[in-house]
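Hello,

Here is the structure I promised to hand over. Please open it first, then read my notes below.

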Amino acid sequence: MDFVKQAERIAGDFLREQTKTSYPIIGKGITNQVCVVETKSHKVVVRMNDKDTYPSFIKEKWCIEQAAAVGIPGPEVLSIGMVDETAYMIQAFVEGDNGLDSTLPKSDVWRKLGEYARLIHSIQVKGYGGNLIDPVHGEFRSPSHAGSDGSWHGYVQYNINSLTDNDRLIELGVITQKESRRVRELFENLKREPFRFGLDHGDLSIKNAIVNQANQVILLDWNAEVNVIPHATVARLMHYQILGVEECPNDEEFKAFMAGYGISEKDLSVTRHFLLLRAFDNLRWAIDRSPDLIEPYAAFAKQVVDMIMD
């Protein structure tokens with residue numbers, strides 16, 4: 001594999017040592033090419049992607065450092081940079097088992113992830129969205145698009161304005177005309193809700209945790225944004241549950257996460273409405289930009305509608 005050779009070159013240039021062994025990590029991370037490279041005195045993980053993703057590595061390094069400062073263990077970031085057309089991040093290798101494979105009961109891992117989520121939400125940030133524009137002040141921004149100025153209110157308003165009589169979502173069978181009016185009410189309520197904004201990990205999941213020999217849970221793979229908390233974090237877990245993906249928490253594990261965080265079931269009605277907003281927004285994005293995803297996104301949005309309208 002070419003990218004393994006490239007990882008060896010990147011690690012070798014940084015560590016100033018020759019590679020002893022290297023191998024790709026397949027299947028745990030979806031967005032980056034990931035390799036482990038071992039030299040005489042170091043073992044590192046090299047994550048690579050195209051040059052446009054360099055800002056996401058800057059953001060991830062920032063998040064790992066902020067998280068460490070509030071007591072969340074993560075991998076040490078040794079270097080980020082660019083070589084040719086490739087952005088890369090070199091991290092110290094974390095010894096242990098992936099959360100999916102660990103012998104520690106999954107409920108214990110999820111409870112710890114709940115504790116971590118609460119700590120992540122305590123990190124000082126400003127703004128809204130997924131682009132870290134000012135690391136010194138922790139300021140994030142969301143790019144604007146047709147119909148939205150990139151603010152939270154703009155995001156909600158865009159989704160309210162899209163609920164028209166000739167809405168594609170009605171044609172796709174996601175909602176009826178009557179349900180569309182009810183959804184409008186729910187979204188108007190979200191606009192008025194006095195939300196707290198905070199840092200969201202972006203993929204808080206058992207597959208993004210390593211459990212070491214001391215049963216310490218180490219958090220990996222940030223795809224962070226500033227969003228409404230805790231709803232953005234909890235809604236993603238609900239999303240996984242509805243899709244039935246391998247790493248989603250079962251009911252007991254979900255309760256453990258909630259207990260770790262300190263939220264109760266009764267706090268979840270707003271979270272469900274947030275999940276509906278996100279499902280609709282993702283579907284509208286697919287309609288505009290990625291037609292091959294319309295069918296699965298519409299099916300998911302319909303499931304959320306059915307869950308809420310019952």
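Start with the open sheet: in this predicted model, three strands line up in the order β7-β9-β8, and their pairing is mixed. β7 (126-127) and β8 (131-134) are the edge strands, with a single partner strand each, so one side of each has no neighbour in the sheet. Now look at β8 and β9 (residues 139-141). These two strands pair in the antiparallel sense, over three bridges. One contact to find there: N131 has R141 in β9 as its bridge partner.

Next, the aromatic rings. The count comes to nine aromatic pairs. Take W152 and F197, an edge-to-face pair with 6.2 Å centre to centre and 75° between the planes. W152 sits in helix α4 (residues 152-161) and F197 in strand β10 (residues 196-200), so this pair ties together parts 45 residues apart in sequence. Are the two rings' residues buried or exposed? W152 is buried, at 5% relative accessible area. F197 is partly exposed, at 33%.

F187 and F280 also form an edge-to-face pair. Their centres are 6.0 Å apart, with 80° between the planes. This pair links distant parts of the chain: F187 belongs to helix α6 (residues 177-192), F280 to helix α9 (residues 268-289), and they are 93 residues apart. Both F187 and F280 are buried.

Two last things to find. Y128, W152, Y155, F195, F197 and F274 make up one aromatic cluster. Elsewhere on your list, put K43: it lies over the face of F93, 4.1 Å from the ring centre.

Best wishes

Notes:
Residues numbered from 1 in each chain as written. Predicted model: local features only at pLDDT ≥ 70, side-chain atom pairs only at ≥ 80, totals over all residues. Heavy atoms only, no water. Pairing = 2+ DSSP bridges. Helix = DSSP H or I, 4+ residues; strand = E, 2+ residues; numbered from the N terminus. Phe/Tyr/Trp six-rings, centres within 6.5 Å; stacked < 30°, edge-to-face > 60°. Buried < 20%, exposed > 50% of the residue type's maximum accessible area, 1.4 Å probe, protein only. Lys NZ or Arg CZ within 6 Å of the ring centre and 35° of its normal.
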